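User: Hey, got a minute to go through this one with me? I'd like to talk about cavities, then whatever else turns up.
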There are 2 protein chains.
Amino acid sequence: MQDRSSTNAFGHKLESFGALPSGDLEALAALTADAQSLGADCDLVHEGEPCDTVVVVLRGFACRYRLLAGGQRQITAYLIPGDCFGLQDGVLGMSTSAIGTLTPCTVAQVPRDALLAFGRRHPAIGQALRSAVIADEAVLQEWLVNVGRRTAYQRIGHLLCELLVRMRAIGAAQGNGYDLPLTQYDIGDTTALSVVHVNRTLQQLRGEGLIRWDRRRVEIPDPARLAAAAMFDPAYLHFEHVAAEAVGDRRLSA
Amino acid sequence: MQDRSSTNAFGHKLESFGALPSGDLEALAALTADAQSLGADCDLVHEGEPCDTVVVVLRGFACRYRLLAGGQRQITAYLIPGDCFGLQDGVLGMSTSAIGTLTPCTVAQVPRDALLAFGRRHPAIGQALRSAVIADEAVLQEWLVNVGRRTAYQRIGHLLCELLVRMRAIGAAQGNGYDLPLTQYDIGDTTALSVVHVNRTLQQLRGEGLIRWDRRRVEIPDPARLAAAAMFDPAYLHFEHVAAEAVGDRRLSA
DNA sequence: CGGATGGTTGAAACCGTTCAAAATCTGTGG
DNA sequence: CCACAGATTTTGAACGGTTTCAACCATCCG
């Protein structure tokens, strides 16, 4: 499982919504075969421009974001390996957000029409793609709740819980830890907090033993405890099997 | 145009994404024929429950929201006449949000399968439904930006601009005014502000002549000026023709 | 070694919250 | 048509979470 995730994270992600015929997976891998490697801070899609390809992230962290007049950035979604963007946005003439890499990435760009046609020929994939779109929208809503109604402490805790579940779903977590190559600026642009406050809040979370975050690696000693502190309920992520394993069952959290 | 909006707001809304064959509109009206009248504060869909119908609002204001443990409410979308909910959410077993009325409403509940099948038989409608889903997602993203990155003053101004454009799109605005039967609590739950601060911010906006809001009616004397103050750019709403009229062109704003 | 990036710390200022109460509006029944 | 109750809006004052500004430190890497 872990092996396949590195060669085709996209298929692995789609499988987290339900089993897929292995033939489908191989055909899908062919679609994303010609991937490109990019450094950090590269833009793949620009806000307000037409865009008829789907961006599939195979390695690294990318994000969807909007830039405001004052130069502020609001990140509205993370794209981790297996995630894609563009099945919807951009259909009506132009994208309402930019897509950029946060870390060095490997990405494939598939013409949207080709991917949709592929989904029609392989119904299980088509269904999984629709599921992915729905799950993305649910995450977006949860982020609105996060930014609107939770304290800095909960926002960051919640984000780290979400990432644990998502990283597990693609086989990129080891136990209760995962690599998180983001800066505190990135976390601030995601949670709508200043870097300074992100830093202090992180120290608080560390001080209480809820997280360890050392040189790009996060460990969550007791996911159930962090989830409770951050009011995190993984239901919105729509892959319950993985989610239950990650935080729902205290027996698995040590 | 105004006449039809009252009899079939749903069709009118879908038309705002592009012209539709009139036969389609009539058939669509039949689908939503058996509507029900509801009072304020009625729940139509509960969070975390399966839901296989699409809610179509024909009259009144409804909303999508999430309730947190502390009793706080975050509204994540408004459903004004013509808007629908449930084409996506609920597909994966359960809804990630509740739907409730904010004011007395007339709503139709259409089985999702029936609506999707209808969209297949009437391609223009199917396309319009997809457009509506995409536009909804863009609005959700904009709300995240609004709550995350804008001041109270801008948040509320932005919301009122958005509503002007949306109300115009369904023919429910008169000039630069529209009926807004929401309480300041509702505005607070939308913009993630306390009622007290909503009240003071509203007074500020009124004091500067950017809005008038008297007994459930909002007037925006100079939409372009309010849009500038609130950093509002209607592009994300995806019906540019209406949007340009509403705030893009100063000559029309008086 | 030196420059750049990212992380950490302190202090002051601010935006928005909370609590508490008063004023106003709205609808309803007598 | 009035009286009353509940909902909504408004006001005041104190508090506090978060931001901003301004340094300083650590680490990485050529």
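User: Which elements of chain B each supply at least two residues of the lining of the second largest cavity?
Analyst: Those are β5 (73–79), β6 (84–85) and α5 (123–149) of chain B. α5(B) gives the most, with six residues. Bear in mind that this is a predicted model.

User: And what volume does that second largest cavity have?
Analyst: About 270 Å³. The second largest cavity is lined by 20 residues, and nearest its centre are Glu137(A), Arg64(B), Cys84(B), Phe85(B) and Asp136(B).

User: How does that lining divide into nonpolar, polar and charged?
Analyst: For the second largest cavity it's 10 nonpolar, three polar and seven charged.

User: OK, so what's the volume of the largest cavity?
Analyst: The largest cavity comes out at about 380 Å³. Its lining has 26 residues, with Ala77(A), Cys84(A), Val133(A), Ala135(A) and Asp136(A) lying nearest the centre.

User: Which elements of chain A are in that lining?
Analyst: β5 (73–79), β6 (84–85) and α5 (123–149) of chain A each supply at least two residues to the largest cavity. α5(A) is the top contributor there, with five residues. By class, the lining of the largest cavity has 16 nonpolar, three polar and seven charged residues.

User: How many cavities of 30 Å³ or more are there in the whole structure?
Analyst: The search finds five.

User: Switching to pockets. What's the volume of the largest one?
Analyst: About 1,100 Å³. Of the 28 residues lining the largest pocket, Leu116(A), Arg130(A), Gln88(B), Leu116(B) and Arg130(B) are closest to its centre.

User: Which elements build its lining, and which gives the most?
Analyst: α4 (112–121) and α5 of chain A, along with α4 (112–121) and α5 of chain B, each supply at least two residues. α5(B) gives the most to the largest pocket, with seven. The lining of the largest pocket splits into 14 nonpolar, eight polar and six charged residues.

User: Now the symmetry. What rotation superposes chain A on chain B?
Analyst: A rotation of 180 degrees, with 0.0 Å of shift along its axis, and the RMSD is 0.0 Å. That makes it the relation of a two-fold axis. In chain A, Leu144(A) has the C-alpha nearest the axis, at 2.5 Å from it.

User: Why do you say the copies meet through the same surface?
Analyst: Because 100% of the interface residues of chain A are also interface residues in chain B.

User: Last topic, the DNA. Which residues come nearest to strand C?
Analyst: There are 15 residues around DNA strand C, and the nearest are Gln184(A), Asn199(A), Arg200(A), Gln203(A) and Ser194(B).

User: What are the side-chain distances to phosphate oxygens for Gln184(A), Arg206(A) and His197(B)?
Analyst: For Gln184(A), a side-chain N or O atom is 2.9 Å from a phosphate oxygen of DNA strand C. Arg206(A) has a polar side-chain atom 3.5 Å from one, and for His197(B) the distance is 3.3 Å. Two elements give two or more residues to the surface near DNA strand C: α8 (195–207) of chain A and α8 (195–207) of chain B. α8(A) gives the most, with five residues.

User: What percentage of the strand's atoms within 4 Å of the protein belong to sugar or phosphate?
Analyst: 59%, and the rest belong to bases. On the protein side, the surface near DNA strand C has five nonpolar, seven polar and three charged residues.

Notes:
Residues numbered from 1 in each chain as written. Chains lettered and ligands numbered in written order. Predicted model: local features only at pLDDT ≥ 70, side-chain atom pairs only at ≥ 80, totals over all residues. Heavy atoms only, no water. Least-squares fit on C-alpha atoms with pLDDT ≥ 70 in both. Contact = heavy atoms within 4.5 Å. Near = heavy atom within 4 Å. Polar contact = N/O pair within 3.5 Å; in protein donor to acceptor, adjacent residues only side chain to side chain. Helix = DSSP H or I, 4+ residues; strand = E, 2+ residues; numbered from the N terminus. Nonpolar A, V, L, I, M, F, W, Y, C, P; charged D, E, K, R; others polar. 1 Å grid on protein atoms, 1.4 Å probe; cavity = no way out; pocket = protein on both sides within 12 Å on 5 of 7 lines; lining within 4 Å. Points joined across faces, edges and corners; volume = space filled by probe spheres on them.
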